[in-house]
Amino acid sequence: MTIVYLDSAPENHVPELGLRVVSVLNERWNGWLRPLATADAFGSFLDAWRRNDPNGIWGWATEVGDTLVCSRSDDDEPADEFPKVGTLPDGRAIFDLTGWTWVEGAEA
């Protein structure tokens, strides 16, 4: 499984703070990776960051129709929305998390 990380300090590039993705699109967004992941994987990623950085604005992931919405704990920041791009064989939705500053990680 591939893990991607937020573009942040290298000490945060540890598996516990990475996003476990289904795949990464070949195309880039402003030079950043475009990971595809399930809502559960993204929710686990946000949970880990809330534990690591309780003063951050890490929100919660919620599936709303064909969109994954990431709310924010800071009302000044708008929610992020990510489109559904497919499903896994077990029926779980896969979302395109383009728009955040994702960087390459290691294989798990």
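A residue is called buried here when its relative accessible area is under 20%. F82 has 2%, so F82 counts as buried. Keep that cut-off in mind, as it comes back several times on this walk through what is a predicted model.

Let's start with the whole chain. It has one helix and nine strands, and read from the N terminus the elements go β-β-β-β-α-β-β-β-β-β. The C-alpha trace spans about 35 × 30 × 25 Å along its principal axes. A compact globule of 108 residues would have a radius of gyration near 13 Å, and the chain has 13 Å, so the two agree. Of the 108 residues, 37% are buried. The accessible surface comes to about 6,100 Å², and carbon and sulfur atoms own 47% of that. If you take the contacts with a separation of 6 or more, 48% of them are between residues 24 or more positions apart.

Next, the sheet. Six strands make an open sheet with antiparallel pairing, and the order is β3-β4-β8-β7-β6-β5. At the edges sit β3 (23–24) and β5 (61–64), each of which pairs on one side only. Follow β5 inward and you get to β6 (residues 67–70), which runs antiparallel to β5 and is joined to it by four bridges. For A61, the bridge partner in β6 is C70.

Now for the rings. The structure holds eight aromatic pairs. Take F42 and F82: their ring centres are 5.6 Å apart and their planes stand at 75°, so this pair is edge-to-face. F42 belongs to helix α1 (residues 39–52) and F82 to strand β7 (residues 80–87), so the pair ties together parts that are 40 residues apart in sequence. Both F42 and F82 are buried. F82 also pairs with W100, with centres 6.0 Å apart and planes at 75°, so that pair is edge-to-face as well. This one links distant parts of the chain too: F82 is in β7, W100 is in the loop between β8 (93–96) and β9, and 18 residues separate them. W100 has a relative accessible area of 10%, so it falls under the 20% cut-off and is buried. Put together, F42, F45, F82, W100 and W102 form one aromatic cluster.

What does the side chain of W100 make a polar contact with? The partner is the side chain of D80, at 2.9 Å. D80 is in strand β7, and beyond its neighbours within four places in sequence it is in contact with L68, V69, C70, R72 and W100. C70 turns up here again, having already appeared as the bridge partner of A61.

W102 is another member of the aromatic cluster, and you'll find it in strand β9 (residues 102–107). Its relative accessibility is 1%, so W102 counts as buried. Setting aside neighbours within four places in sequence, W102 is in contact with V4, Y5, L6, L19, W32, L33, P35, F42, F45 and L97. With L97 there is something extra to look at: the side chain of W102 reaches the backbone oxygen of L97 at 3.0 Å. For a sense of scale, W102 and G56 are 46 residues apart in sequence, and their C-alpha atoms are 17 Å apart in space.

Two loop residues round off the tour. R34 is found in the loop between β3 and β4 (35–37). Is R34 buried or exposed? With a relative accessible area of 19%, R34 is under the 20% cut-off, so it is buried. R34 and T98 are 64 residues apart in sequence, yet their C-alpha atoms are 4.7 Å apart, and a polar contact of 2.7 Å joins their side chains. Apart from neighbours within four places in sequence, the contacts of R34 are V24, L25, E27, R28, W29, D96 and T98.

The other loop residue is N12, in the loop between β1 (2–6) and β2 (19–21). Its relative accessible area is 16%, so N12 is buried. Not counting residues up to four places away in sequence, N12 touches Y5, L17, W49 and N52. Y5 is a residue you have already met, as it is also among the contacts of W102.

How values were computed:
Residues are numbered from 1 along each chain as its sequence is written. This is a predicted model: local features need pLDDT of at least 70, side-chain atom pairs count only at pLDDT 80 or more; totals for chains, interfaces and linings use all residues. Side-chain values use heavy atoms; hydrogens and water are left out. Buried means under 20% relative accessible area, exposed over 50%, partly exposed in between (1.4 Å probe, protein chains only). Contact means heavy atoms within 4.5 Å. A polar contact is a pair of N or O atoms within 3.5 Å; within protein, one must be able to donate a hydrogen and the other to accept it, and residues adjacent in sequence count only if both atoms are side-chain atoms. Rings of Phe, Tyr and Trp (its six-membered ring) pair if their centres lie within 6.5 Å; planes under 30 degrees apart count as stacked, over 60 as edge-to-face and the rest as tilted. The radius of gyration is taken over C-alpha atoms; the globule rule is 2.2 Å times the number of residues to the power 0.38. Accessible areas come from the Shrake-Rupley method with a 1.4 Å probe; for residues, only the protein chains shown count as cover. Two strands pair if DSSP finds at least two bridges between them.
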